[in-house]
Amino acid sequence: MTFHVLISDPLSEEGVYPLRHADGINIVMETNLSETELAERIDGFDALLVRSQTQVTRELIEKASNLKIIGRAGVGVDNIDLAAATEHGIIVVNAPDGNTNSAAEHTMAMLMGMARKIPQAYNSLKLGKWDRKSYVGVELKNKTLGVVGFGRIGQEVAARAKGQRMNIIAYDPFLTAEKAEKLGVDFGSVEDVLKVADFVTVHTPLLKETKHLINAEAFNVMKDGVQIINCARGGIIDENALYDAVKSGKVAGAALDVFEQEPMVDFRLLELPEIIATPHLGASTFEAQESVAVDVSQDVVSFVKYGTVRNSVNLPSVPKEIMKRIEPYFDLAERIGTFLTDLTGETAEEVNVYYSGELANLEVGPLTRNMLKGMLKRHLGKHVNDVNAMYIANQKGIHVNEHKSTESRGFTNLITVEVKTQSGTRKASGTLLNGQGARIVKVDDYIVDFLPNGHLLFIRHNDRPGVIGRVGTLLGAEDINIATMQVGRSNVGGDAIMMLSIDKHADPEDLEGLKKLEEIESVTAIDL
């Protein structure tokens, strides 16, 4: 049977080579179709390949009765309705690795252009000036490059910077001492990196946690005369704070390829001679455009031949009879993963997932992937999903193991997740209770019963009279209301925990008073 592929955005012949030379695949390339024309053409095609121009809407998907896979020749899938694709059992694939080299090279070009003031000197020459004194730069040799975000692109930038004989210090939530040593870099917290770096480059996704990560406080931590590069995502750097830091002389230069609003509307930054910029060109090379097309083409071929893909960004089809039984546990599994990520505050090295009761007789792989999604998305954002979570965990060196036991352990079904880090092991168990929904019923070795939702505080303390009262008083002084409280202890007067549900997010400064109490060992704020 022939597999029909529609390509609605321009892709190079080299990019579609895998499709051209695969048996049983018919390609139709029709670009510049209007939404109406595409909707009229889509029915009957098994695959749709797009770049960023085509908008793959719910309406379009609902007209595509045969569509099985959508390929996005690029990283972002903002132009594809993932929810609609998932509902209709359509796999969506992208090309997350295709622009890595181009983005790393562009970062280095911006770094070197900024250090030597090449764009400014060129503009001066175009104005008919021969001004050498105004454009004295600095060498990269023996300088320290701080890399905030040490994934694929961050590591490629570091490798190139080493060629310039720079020293590298990096931060990444998944970077450990062992990994850093293997990669030949120093590592530390964000603050550690910012304190010692002569140049800072950011390569994180844009998340709630990373928005304005480089802000006024961050600039105050940095060396005087630091230089900044952002070829990752607009919004990681607070542009107003950057403007002030450049004007004050704290920042000697900045190189920006991305902006908080694109196309750029506020050109105030570009009025500063210390700043150079490009209009989001990080992936704009012929090779990158070809590479991302090849990647999605190969995934389509793999799907046709074997029914598997490498870079899926949504949930694949699950047999209805299995889905019906495990779907109620999806949200619980994800929330346990997120809960443990916040609780440990460290990079997981090994994750063990234990399924007890009736779940032990089912295919629980989708639940494990949901749990990993919850665990990883805190640091990697929404691009982590049920399908690619396991692949990303493997990339990060996290070993994941599933265990099954039909023993009920007091519950019809129980999911227990054990996370091993360099500091030790933490566990949480959850189940569904009739009429009460998802509940976490055990943390480490303490029996609890709380809803894994909203704003939580996990407190480890010594079991002493009056501790609970003092905790309530101190939170009240910070205008933080306690909704529910669970208390567990190992023995009278020994180690104990409090699990508090509170009415609003607790900032670190809100918890300073609690941490100063003699009986309190640790306080962890968790938002689910």
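The chain has 18 helices and 22 strands. This is a predicted model. Its radius of gyration is 26 Å, close to the 24 Å that the globule rule gives for 528 residues, so the chain is as compact as a globular protein of that length. Along the principal axes, the C-alpha atoms fill a box of roughly 85 × 65 × 40 Å. Half-and-half describes the burial: 50% of the 528 residues count as buried. Long-range pairing is plain in the contacts. Among those between residues at least 6 apart in sequence, 65% join residues at least 24 apart.

Start with helix 7, which spans residues 152-163. Arg152 belongs to this helix. Is Arg152 buried or exposed? It falls in between: its relative accessible area is 38%, and between 20% and 50% a residue counts as partly exposed, so Arg152 is partly exposed. Beyond its neighbours within four places in sequence, Arg152 is in contact with Pro96, Asp97, Thr100 and Gln395. Take Pro96. It sits 56 residues from Arg152 along the chain, yet their C-alpha atoms are separated by 9.6 Å.

Now move on to the loop between helix 7 and strand 7 (167-171), where Met166 is found. Met166 has 6% relative accessibility; the cut-off for buried is under 20%, so Met166 counts as buried. Which residues does it touch, not counting those up to four places away in sequence? They are Leu111, Leu140, Asn142, Lys143, Thr144, Leu145, Ala161 and Phe199. Ile502 lies elsewhere: it is 336 residues from Met166 in sequence and 47 Å away in space, C-alpha to C-alpha.

Helix 11 comes next, at residues 239-248. Asp238 caps its N-terminal end. A side-chain oxygen of Asp238 lies 3.1 Å from the backbone nitrogen of Asn240. Within the helix, Glu239, Ala241, Leu242, Tyr243, Ala245 and Val246 are buried. An α-helix has 3.6 residues a turn, so residues three or four places apart point the same way. What covers the buried residues of helix 11? The cover includes helix 10 (216-221), strand 11 (251-256) and strand 12 (275-277). After helix 11 comes Gly249, with a positive phi near 95 degrees.

Two later helices pack against each other. Helix 14 (residues 330-344) and helix 15 (residues 365-380) meet at an angle of about 35 degrees, and their axes are 7 Å apart. Their crossing is right-handed. Helix 14 contributes Phe330, Ala333, Glu334, Gly337, Thr338, Thr341 and Asp342 to the contact. From helix 15 come Pro366, Leu367, Asn370, Met371, Lys373, Gly374, Met375, Lys377, Arg378 and His379. The mix is varied: six of these residues are nonpolar, six are polar and five are charged.

Finish at strand 15 (residues 413-421), where Asn413 has its place. Asn413 has a relative accessible area of 5%, and under 20% means buried, so Asn413 is buried. What does its side chain meet? One of its polar atoms lies 2.6 Å from the backbone nitrogen of Leu359. Leaving out residues up to four places away in sequence, Asn413 touches Tyr329, Ser356, Gly357, Glu358, Leu359, Gly430 and Thr431.

Technical notes
Residues are numbered from 1 along each chain as its sequence is written. This is a predicted model: local features need pLDDT of at least 70, side-chain atom pairs count only at pLDDT 80 or more; totals for chains, interfaces and linings use all residues. Side-chain values use heavy atoms; hydrogens and water are left out. Helices (H or I, at least four residues) and strands (E, at least two) are DSSP runs, numbered from the N terminus. Buried means under 20% relative accessible area, exposed over 50%, partly exposed in between (1.4 Å probe, protein chains only). Contact means heavy atoms within 4.5 Å. Axes are lines fitted to C-alpha atoms, for helices over the stretch in contact, and angles run from 0 to 180 degrees between N-to-C directions. A crossing is left-handed if the near helix is turned anticlockwise from the far one by less than a right angle, and right-handed if clockwise. Ala, Val, Leu, Ile, Met, Phe, Trp, Tyr, Cys and Pro count as nonpolar, Asp, Glu, Lys and Arg as charged, and the others, Gly among them, as polar. A polar contact is a pair of N or O atoms within 3.5 Å; within protein, one must be able to donate a hydrogen and the other to accept it, and residues adjacent in sequence count only if both atoms are side-chain atoms. The radius of gyration is taken over C-alpha atoms; the globule rule is 2.2 Å times the number of residues to the power 0.38.
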